[in-house]
Amino acid sequence: MKGVDVLQWVLLFLICNSLMHPSTSAEHIQKIDMMLEEEEMAIIFLPLSDGEATLFKHASGKTVLLNTGAPHTERELKRWLEHFRITEIDELLLTSDDREYIGNVKWIEQTYGPKVVSEWKEQKVYEPFPHFRMQPLYIDNGDVTMSIQYGRLRLLYMAHASDDVERKLMTMPLSDVNILKIAHFGVNDYPRTSFLKHVDPQVAIIFKKHGSWPNERLLERLYAAWIDCYETNRFGVIVVKCNLEEYDVMTF
């Protein structure tokens with residue numbers, strides 16, 4: 001990871017800290033400028049109270065939303081999109097039919113009118129914009145586990161938790177994965193140690209599902225492997241700012 005631009009992150013921290021304790025005044029909305037320079041992209045894991053939603057914002061202005069959270073989180077999602085100055089969403093990508101992923105699809109479509117992508121084919125690469133590659137690695141039961149790559153940064157977006165899936169993925173070259181998104185909100189005892197050794201990520205992301213908590217054995221395994229584990233329920237918004245070569249992670 002490259003060195004942190006201290007002033008830039010301090011400014012972002014102050015703004016995001018205020019967002020975690022938002023004003024009750026609806027008209028007083030703080031705005032976050034990610035200050036993206038050429039070829040930079042921000043990956044923003046949104047801390048919804050239930051479900052998954054990840055925002056990809058590129059310096060060119062291109063914006064992609066991956067999943068939309070659970071049904072009752074529309075107000076939270078709207079507030080976060082406003083905070084990050086999102087006035088357009090070019091593409092909405094869906095990787096599951098479960099309620100925790102598609103709860104606000106209708107509102108997103110009516111508000112932003114994005115291109116919606118929900119049909120995937122294993123190994124067929126999809127590129128929302130240059131250098132940004134999404135490659136489904138395993139599809140089953142309406143869920144899509146995929147590799148998401150921007151330059152040298154690689155995010156393994158897990159949607160399955162089972163021995164069979166891990167055995168299949170371990171036949172693939174995944175040793176360059178930087179960030180691992182844990183499947184099913186970490187409630188299952190996956191991934192196993194052998195899979196973590198094969199992938200060898202530096203960072204793990206766990207979203208929040210209402211009424212459930214990450215498996216304790218899983219958390220112990222991640223810590224034992226010296227993986228930086230970020231739970232949106234504990235750390236708030238998680239921002240990965242990257243260019244084609246390097247990335248920084250910041251939580252608020």
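1. The sheet. In this predicted model, seven strands build an open sheet. Their order is E5-E4-E3-E2-E1-E13-E14. The pairing is mixed.

2. Sheet edges. Which strands stand at the edges? They are E5 (115-117) and E14 (247-251). Each has a single partner strand, so one side of E5 and one side of E14 lack a neighbour in the sheet. Between neighbouring strands of this sheet, the turn averages 15°, with direction ignored.

3. One strand pair in detail. Strands of a sheet pair through backbone hydrogen bonds, and the pairing may be parallel or antiparallel. E1 (residues 41-45) and E2 (residues 54-58) take the antiparallel sense. Five bridges join E1 and E2. To find the register, start at Ala42: Lys57 in E2 stands opposite.

4. A helix pair. Now look at H2 (residues 74-83) and H4 (residues 105-112). The axes of these two helices come within 10 Å. They cross at roughly 40°. That angle makes H2 oblique to H4, because angles under 35 degrees would count as roughly parallel and those from 65 to 115 as roughly perpendicular. The crossing of H2 and H4 is right-handed.

5. The helix contact. Which residues make the contact? H2 supplies Glu74, Leu77, Lys78 and Leu81. H4 supplies Trp107, Ile108 and Tyr112. What is the make-up by class? The contact of H2 with H4 has five nonpolar residues and two charged ones. No polar residue takes part.

How values were computed. Residues numbered from 1 in each chain as written. Predicted model: local features only at pLDDT ≥ 70, side-chain atom pairs only at ≥ 80, totals over all residues. Heavy atoms only, no water. Pairing = 2+ DSSP bridges. Helix = DSSP H or I, 4+ residues; strand = E, 2+ residues; numbered from the N terminus. Axes fitted to C-alpha atoms, helices over the stretch in contact; angles between N-to-C directions. Parallel < 35°, antiparallel > 145°, perpendicular 65-115°, else oblique. Left-handed = near helix turned anticlockwise from the far one by under 90°. Contact = heavy atoms within 4.5 Å. Nonpolar A, V, L, I, M, F, W, Y, C, P; charged D, E, K, R; others polar.
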